[in-house]
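Subject: Structure for your review

Dear colleague,

Please find below the structure that I am handing over to you. My findings follow it.

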Amino acid sequence: MPEDSKNKQADLIPFNDNIPQMDSCSSQTNKQIELAQDDVSYCTLIDRCHDYPLDPYLFIDIVLTPQIIRTLIEIGPCQPGFNNSDYVFEENKPGKKFSSKWYNKDVKSGMSCKRNWLVYSPKANKMFCFPCFLFRSVSQHSYQWSNPNKGVTNFRKGYEKIIKHEKSKDHREAENEYLILKSRISKDITIQQTLIKVQKSQIEFNRSVLKRLIDLSLFLSTNGLPINNRYWMN
């Protein structure tokens, strides 16, 4: 077992604690983490000692609880180089490396869409599938794509491997679970934000009423007028 895996528990902090700025981490990842801190009420664990805290390799010794899965879905997959053309991918022993072009998929309409499921691990220099990684029990036969101890390293046939996997039954079932939960999370966030707005509106109303009562009390006190209701009724 790698030394950093043995010390993993010492490096973990609660997700809702203050996370130090990670200079090498992409701005997109930092922004997603900040959003998750604001929107997610769950407390989970991320590794603060690495530039890409959502790298599947860092979850080798961690059981993916429903709370952790939810948080990972809210933040999104680890995709270094997607918004940073200067990112340099590491070459493997045969001299091949991952390509950021694989993050995009050409559809029949001639347009290009993002492969939200494709994950690159900078720590392990391997490819993973985000839905299969999150729902391993569903994708039991796609262990290379789902198991952090495995991963896909054949970058020479990387694009072929990606096409084959995204057409597989295991991937489709895991992706279906992923999309269902992501939809539920989105609805939960909408409801939560609505409740927060209602609560803030009620607080503002209460403050305005309190301010008026204070102003009225000061006016009566300044002018020597009694607060007793009987005075105003006569």
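Leaving aside its neighbours within four places in sequence, with which residues is L64 in contact? In this predicted model, the contacts of L64 outside that range are F59, I69, L72, F133, L134 and R136.

L64 also belongs to the largest nonpolar core, which has 23 residues. Together with F59, L72, I73, F130, F133 and L134, L64 is among those that touch the most other members. Two or more residues of this core come from each of α4 (66-75), α5 (130-134) and α8 (169-222). Of these, α4 provides the largest share, with five residues. Another core lies apart from this one; it comprises 15 residues, including W117, Y120, C132 and F155.

The second largest pocket may also be of interest to you. The space within this pocket is about 210 Å³. Its lining consists of H141, S142, Y143, Q144, W145, K161, K164, H165 and S168. By class, five of these residues are polar, two are nonpolar and two are charged. Both α6 (143-146) and α7 (158-166) supply at least two residues of the lining.

Finally, a remark on α7. Its buried residues are G158, I162, H165 and E166. These residues lie on the same side of α7, because they cover an arc of only 90° around the axis. On the other side of α7, E160 and K164 are exposed. Two residues of the pocket lining, H165 and K164, thus appear here as well: H165 is buried, whereas K164 is exposed.

Yours sincerely

Key. Residues are numbered from 1 along each chain as its sequence is written. This is a predicted model: local features need pLDDT of at least 70, side-chain atom pairs count only at pLDDT 80 or more; totals for chains, interfaces and linings use all residues. Side-chain values use heavy atoms; hydrogens and water are left out. A nonpolar core is a set of buried Ala, Val, Leu, Ile, Met, Phe, Trp, Tyr and Cys residues joined through side-chain atoms within 4.5 Å. Buried means under 20% relative accessible area, exposed over 50%, partly exposed in between (1.4 Å probe, protein chains only). Helices (H or I, at least four residues) and strands (E, at least two) are DSSP runs, numbered from the N terminus. Contact means heavy atoms within 4.5 Å. On a 1 Å grid over the protein atoms alone, a cavity is a set of points where a 1.4 Å probe fits but cannot get out, and a pocket is an open set with protein on both sides within 12 Å along at least five of seven lines; lining residues have an atom within 4 Å of a point. Grid points are joined across faces, edges and corners, and a volume is the space filled by probe spheres set on the points. Ala, Val, Leu, Ile, Met, Phe, Trp, Tyr, Cys and Pro count as nonpolar, Asp, Glu, Lys and Arg as charged, and the others, Gly among them, as polar. The arc is that of the directions from the helix axis to the C-beta atoms.
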